[in-house]
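I opened this notebook to keep track of what I looked up, beginning with enclosed and open spaces and then turning to the surface and to charged pairs.

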Amino acid sequence: MILSNTVLSLVLLTTSWVACAPVEPSEQLQLPQAHTQTQTYQQTPLDAEGIVPTTSEANEDDEETSFRIPSRYESTVLGRRLLALSKTGVLTTVFPDNVTSDRVPADVAHTPIGLPDYIASCEEPSGNPTLLALTVSTSTKNAMAGSNVSLALSWWDEYVHITHKQPWSAANLPRLSMTGYLEEMTAEEVESKDVPGCFTKVHSDSVMWLPGKKWAAHKGLWMRLVVKEVYWIGGFGDRAYIGWFDRAEWQQVGEDEWKGVRLPGERP
């Protein structure tokens with residue numbers, strides 16, 4: 001009996017020590033620590049996690065890495081790069097007050113609807129996206145009926161495409177929304193800027209809907225989104241700019257500027 005009690009005590013002591021053993025650091029949840037600073041710096045591209053380091057050479061051995069919030073103009077340049085590299089976006093329009101088509105439910109009157117659409121940036125350096133607007137599409141019909149439009153872009157899918165991995169948080173990746181209205185391009189503008197060549201370079205299948213072609217499956221129009229305002233969410237607010245851009249700054253960003261920065265996950 002005494003021996004049994006001794007063995008039992010040893011077993012309890014051993015299991016208690018195992019339960020209380022410290023967890024190795026590699027097994028603990030690792031979360032980045034963010035700090036903001038208010039100093040002004042030269043324009044700097046974001047790093048692979050969507051952060052602008054305060055120095056060009058960050059010490060990866062440091063337990064804490066300092067971050068700063070990019071300026072509005074730095075963020076505007078990044079936004080123009082996002083536009084230039086985006087192939088699709090969500091185009092949102094509003095149904096008219098009086099829905100006359102029997103193919104559209106009456107209760108969607110004055111209701112916004114967002115639909116994915118092809119885009120390209122064929123009018124550099126204007127900052128106005130180019131669209132091949134099919135006359136049969138809901139977005140085009142609403143816009144031609146007088147609706148303002150917005151176009152939302154995000155870096156979420158492209159980040160996964162170029163890095164072949166999921167971000168630790170998609171909410172920390174850039175996205176923006178441009179608001180304005182659709183405007184049809186003139187024949188002279190389309191020809192001088194080679195809009196068909198630009199657009200089909202981005203979307204090879206769009207040749208099936210080229211305006212003016214006999215083989216086109218649907219009637220299409222070359223249109224631009226005339227950008228009036230841009231709202232930007234660069235990532236988490238403690239390390240990225242969130243807010244409205246200045247319209248003049250958006251329009252004046254040069255191609256050499258947005259080509260000189262990188263979005264999260266891009267290689268230098």
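**Entry 1: the cavity.** I looked up the lining of the largest cavity and found Val227, Lys228, Glu229, Val230, Phe245, Asp246, Arg247 and Trp250 (a cavity being, on a 1 Å grid over the protein atoms alone, a set of points where a 1.4 Å probe fits but cannot get out, and lining residues having an atom within 4 Å of a point). The elements that give two or more residues to this lining are β8 (220-233) and α7 (247-252) (helices are DSSP runs of H or I with at least four residues, strands are runs of E with at least two, and both are numbered from the N terminus). Of these, β8 gives the most, with four residues. I sorted the lining into four nonpolar, no polar and four charged residues (Ala, Val, Leu, Ile, Met, Phe, Trp, Tyr, Cys and Pro count as nonpolar, Asp, Glu, Lys and Arg as charged, and the others, Gly among them, as polar). The volume of this largest cavity is about 30 Å³ (the space filled by probe spheres set on the points, with grid points joined across faces, edges and corners), and the structure holds one cavity of 30 Å³ or more.

I note for all entries that this is a predicted model, in which local features need pLDDT of at least 70 and side-chain atom pairs count only at pLDDT 80 or more, while totals for chains, interfaces and linings use all residues. Residues are numbered from 1 along each chain as its sequence is written, and side-chain values use heavy atoms, with hydrogens and water left out.

**Entry 2: a pocket.** The second largest pocket has a volume of about 340 Å³ (a pocket being an open set of points with protein on both sides within 12 Å along at least five of seven lines). I counted 14 lining residues there, of which Ser86, Lys87, Thr88, Ser154 and Asp157 lie nearest the centre of the pocket. Two or more lining residues come from each of α2 (72-85), β3 (88-94), β6 (149-154) and α4 (156-163). By kind, the lining of this second largest pocket divides into seven nonpolar, four polar and three charged residues.

**Entry 3: salt bridges.** How many salt bridges does the structure hold? I found ten (each a side-chain nitrogen of Lys or Arg within 4 Å of a carboxyl oxygen of Asp or Glu). In one of them, the side chains of arginine 72 and glutamate 249 meet at 3.1 Å, N to O. Arginine 72 in helix α2 and glutamate 249 in helix α7 are 177 residues apart, and the pair links distant parts of the chain. Is glutamate 249 buried or exposed? Glutamate 249 counts as buried because its relative accessibility is 17% (buried means under 20% relative accessible area, exposed over 50%, partly exposed in between, with a 1.4 Å probe and protein chains only), whereas arginine 72, at 35%, counts as partly exposed.

I then followed arginine 224, which forms a salt bridge with glutamate 189, the closest N and O atoms being 3.0 Å apart. Arginine 224 lies in strand β8 and glutamate 189 in helix α5 (residues 187-192), so the pair ties together parts that are 35 residues apart in sequence. Salt bridges that share partners join Glu123, Glu183, Glu189, Lys193 and Arg224 into one network. Within that network, arginine 224 also forms a salt bridge with glutamate 123, with 2.8 Å between the closest N and O atoms, and both of these residues are buried.
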